[in-house]
Amino acid sequence: MAETAQSVETSEQDAGQDARAERKAARLAKQIQAFAGEHGGAEGQLAHLGQMGTRIVLVGEDGGWGDLVAPTHQVARRAADLAGITLHENFDGEFAAKVRTGPYEWSRMAGIQVGGPSNDRTD
């Protein structure tokens, strides 16, 4: 009898975790859809972040980009499915070429690259 009670408790915990994961996926899907609405559509790519979860990288049809973080890869994939976006296996080629960067990105992320501002300040 004890095994049966423990089995029921484990099933209830699993059901609760599944429900939380589904709610999180639904919230992420709404955010993805809002991004897609603002940018004329969107495509995405999932990037594993280790214990932190999975990053959902979004690229809009207008070149705008952003990201969201899901607690697990399954939640990220479910959110993308619910939002109806195309997922790419890699962030390269034509997909990466859609990204449009501006002065902020150049100064913050490419500053040490050729053409970016120097990291050596003499002021």
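What follows walks through the fold, the sheet and the side-chain pairs of this predicted model.

A bit of bookkeeping comes before the results. Residues are numbered from 1 along each chain as its sequence is written, and side-chain values use heavy atoms, with hydrogens and water left out. Since the model is predicted, local features need pLDDT of at least 70 and side-chain atom pairs count only at pLDDT 80 or more, while totals for chains, interfaces and linings use all residues.

The protein comes out with 4 helices and 4 strands, taken as DSSP runs numbered from the N terminus (helices: H or I, at least four residues; strands: E, at least two). Reading from the N terminus, the order of elements is α-β-β-β-α-β-α-α. Of the 123 residues, 30% are buried, with buried meaning under 20% relative accessible area, exposed over 50% and partly exposed in between (1.4 Å probe, protein chains only). The accessible surface adds up to about 8,600 Å², and carbon and sulfur atoms hold 50% of that; areas come from the Shrake-Rupley method with a 1.4 Å probe, and for residues only the protein chains shown count as cover. As for contacts (heavy atoms within 4.5 Å), 52% of those between residues at least 6 apart in sequence join residues at least 24 apart.

The 4 strands make an open sheet, ordered 3-2-1-4, with mixed pairing; two strands pair if DSSP finds at least two bridges between them. Strand 3 (65-70) and strand 4 (86-88) sit at the edges with a single partner strand each, so one side of each has no neighbour in the sheet. On average, and with direction ignored, neighbouring strands are turned by 30 degrees against each other. Strand 1 (residues 42-48) and strand 2 (residues 54-60) run antiparallel and are joined by 7 bridges; Gly-44, for instance, has Leu-58 in strand 2 as its bridge partner. Helix 2 (residues 73-83) packs on this sheet and touches strand 1, strand 2, strand 3 and strand 4, its direction making about 25 degrees with that of strand 2. Here axes are lines fitted to C-alpha atoms, for helices over the stretch in contact, and angles run from 0 to 180 degrees between N-to-C directions.

On the charged side, the whole structure holds 4 salt bridges, each a side-chain nitrogen of Lys or Arg within 4 Å of a carboxyl oxygen of Asp or Glu. One of them pairs Arg-78 with Glu-22 at 3.0 Å, N to O. Arg-78 belongs to helix 2 and Glu-22 to helix 1 (residues 2-38), so this pair ties together parts 56 residues apart in sequence. Arg-78 is partly exposed at 35%, and Glu-22 is partly exposed at 34%.

Glu-43 and Lys-98 form another salt bridge, with their closest N and O atoms 2.1 Å apart. Glu-43 lies in strand 1 and Lys-98 in the loop between helix 3 (93-97) and helix 4 (103-108), so parts 55 residues apart in sequence are tied together. Glu-43 is buried at 11%, whereas Lys-98 is partly exposed at 28%. Lys-98 also meets Glu-61 in a salt bridge (3.7 Å, N to O). Shared partners thus link Glu-43, Glu-61 and Lys-98 into one network.

The search for aromatic pairs turns up 1 in the whole structure. Phe-91 and Phe-95 meet edge-to-face, at 5.1 Å centre to centre and with 75 degrees between the planes. Rings of Phe, Tyr and Trp (its six-membered ring) pair if their centres lie within 6.5 Å, with planes under 30 degrees apart counted as stacked, over 60 as edge-to-face and the rest as tilted. Phe-95 is buried at 4%, but Phe-91 is partly exposed at 37%.
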